[in-house]
Amino acid sequence: GPLDEVKIWVFFSDKGVLTQDEYRKAVRDRESALSDRTKARRLKARAGRDIVDFFDLPVNQPYVERIEQLGARVLARSRWLNGVSVSVSAGLIPEIERLPFVREIRKVVAYRKERGLRTEKGRGFAPPRKTPLYIDYGVSWDQLEQLNVPEAHANGYTGQGVLICMLDTGFDYMYGPHKSLLHIKNQVVAQWDFINNDPVTWYDSENDTIDARDKEQPYHGTRMLSIVAGYLNNQLIGPAFGADFALCKTEWYRDGGEDIIAEEHWWIAASEWADSVADTLGYDRVIISSSLGYRTWEDSTDYGYVNLDGNTTPLSIGADIAASRGILVVTAIGNVTLGNPSTRPDTCIKAPADADSIIAVGGVDTAGAWAWNPDPGTGSAIGPTADGRTKPELMAAWVCVVAHPGGGDYVDSLQAVGGTSCATALVSGVSALVW
């Protein structure tokens, strides 16, 4: 029964393409289906190599069906990892392992949400998109000036033409949103709720599952979106308020609850979805912004520091494959929190920040110093990875002014929150300006 079930990854030995001729044809067919912009995007990361490869081919459907016939319930599939995550009775695992096309079975082995520090009242709204001659950055000046964003804006750079795919808890931008996000509905080109498998990423009390039917579910994502893209003159300005957005709900919010392993599956599925959306809509500059990090699980074996070597966790492997498709992956290195203090922040890195072809982001204070309080040992994690690589790649403000969601229709109140989530959102926005 369900109480006996365990969650495992089942990785396949092949994709049902068994000869060189079959492989060449499958790759050729897939490449011919790609848009010109996708080909250009991939060439940036894959100069001199094939722009389509084994990772792009779909998981072989007959393999999936065979596993389902044995009684496994498929939770997610990944063409990049060539496998499926399933929930299955423990007694069936040896039977699945014996299947000739099964290469490996791996038992499916985040950081705490920011807490609000203060609330301020905002006022005024000016529509963005075209660069204003004059922007009053209000209380968001410090977090942007540190990264030289105002000068970029003054020169006309707002992120226009770049697709930022945000992975988070959800996004309240549609009905009665914060004033800084009123313009976003015209720039959201795609969205998907991977938790409930529908196209609604805001608070959806009718159609979301009971577990995810929490009014605060989208708060974290909404705050991060406001850091990247907000536009409330004289109060809150995001670096990339002119970018386009693909929004993914992948993170299940529960106050005080641990992460669940399904969030790993949803993260990988969303990254593959971002690649497909960019191809369909014709974007050649694509950023994944992930203000998330994973290390401990409520329903599975935790990752140890030794696993954070860039090549072990499915999350980090997926992030590297995304990078090899020409996607810039920007993710948080992780927080050391009051609830889980540490005297060794150098071992507190979280997946997928350990991946080797992405940007992991840490936090600094307004003076540019590492955001770390040795007593009680809280703040931004640092590297290195388990295999000795320097992390993070970039740093940005640990404490940011953000939209305060949930305050009623069309609110304009702000709050300050702290975490490498915030720094990640800033770096994602700045990356769009650079691109």
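R79 sits at 16% relative accessibility in this predicted model, so the residue counts as buried. Its salt-bridge partner is E272, with 3.5 Å from N to O. E272 is buried too, at 5% relative accessibility.

That pair is part of something wider: salt bridges with shared partners tie R41, R42, D53, D56, R79, E272, D275 and R325 into one network. Across the whole structure, the search turns up 21 salt bridges.

Here are three of those pairs side by side.

| Salt bridge | N to O distance | Relative accessibility |
|---|---|---|
| E272 and R79 | 3.5 Å | E272 5%, R79 16% |
| K179 and D412 | 4.0 Å | K179 26%, D412 9% |
| E393 and K391 | 2.9 Å | E393 36%, K391 5% |

Now for K179 and D412, whose side chains meet at 4.0 Å. This pair links distant parts of the chain, with the two positions 233 residues apart. K179 belongs to the loop between β6 (163–168) and β7 (188–193), while D412 lies in the loop between β18 (399–403) and β19 (413–418). K179 is partly exposed at 26%, whereas D412 is buried at 9%.

E393 and K391 make a similar mix of environments: E393 is partly exposed at 36%, and K391 is buried at 5%. Their side chains come to 2.9 Å, N to O.

What about a buried charge with no salt bridge? D204 is one such residue, and the nearest side chain of opposite charge, K249, is 6.7 Å away. You'll find D204 in the loop between β7 and α7 (219–229). The D204 side chain does reach the backbone nitrogen of N207, at 3.3 Å.

On to the cysteines. How many disulfides are there? The count is zero. A disulfide is a covalent bond between the sulfur atoms of two cysteines. Here the cut-off is 2.5 Å between the sulfurs. Why does C165 miss out? Its closest cysteine sulfur, in C248, is 3.6 Å away, and that is too far for a bond. The story repeats for C400, because the closest cysteine sulfur, in C422, is 4.6 Å away. C165 is buried at 1% relative accessibility, and C400 is also buried at 1%.

C165 turns up again in the nonpolar packing. The largest nonpolar core has 51 residues, and C165, L167, W267, W273 and I288 are the ones that touch the most other members. Several elements feed this core: β1 (5–12), β6, β10 (244–249), α8 (262–281), β11 (286–290), α9 (314–324) and β12 (327–332) each give at least two residues. Helix α8 gives the largest share, 10 residues. As background, nonpolar side chains in soluble globular proteins tend to be buried together.

W267 is a handy residue to click on if you want to look around this core. Which residues does W267 contact, once neighbours within four places in sequence are set aside? The list is L167, T250, S290, L292, Y294, L315, A319 and P352. One of these, L167, is itself among the core residues that touch the most other members.

There is also a second, separate core, made of 44 residues. L144, M224, L225 and A229 are included in it.

Note on methods: Residues are numbered from 1 along each chain as its sequence is written. This is a predicted model: local features need pLDDT of at least 70, side-chain atom pairs count only at pLDDT 80 or more; totals for chains, interfaces and linings use all residues. Side-chain values use heavy atoms; hydrogens and water are left out. Buried means under 20% relative accessible area, exposed over 50%, partly exposed in between (1.4 Å probe, protein chains only). Helices (H or I, at least four residues) and strands (E, at least two) are DSSP runs, numbered from the N terminus. Lys and Arg count as positive and Asp and Glu as negative; His and the chain ends are not counted. A polar contact is a pair of N or O atoms within 3.5 Å; within protein, one must be able to donate a hydrogen and the other to accept it, and residues adjacent in sequence count only if both atoms are side-chain atoms. A nonpolar core is a set of buried Ala, Val, Leu, Ile, Met, Phe, Trp, Tyr and Cys residues joined through side-chain atoms within 4.5 Å. Contact means heavy atoms within 4.5 Å.
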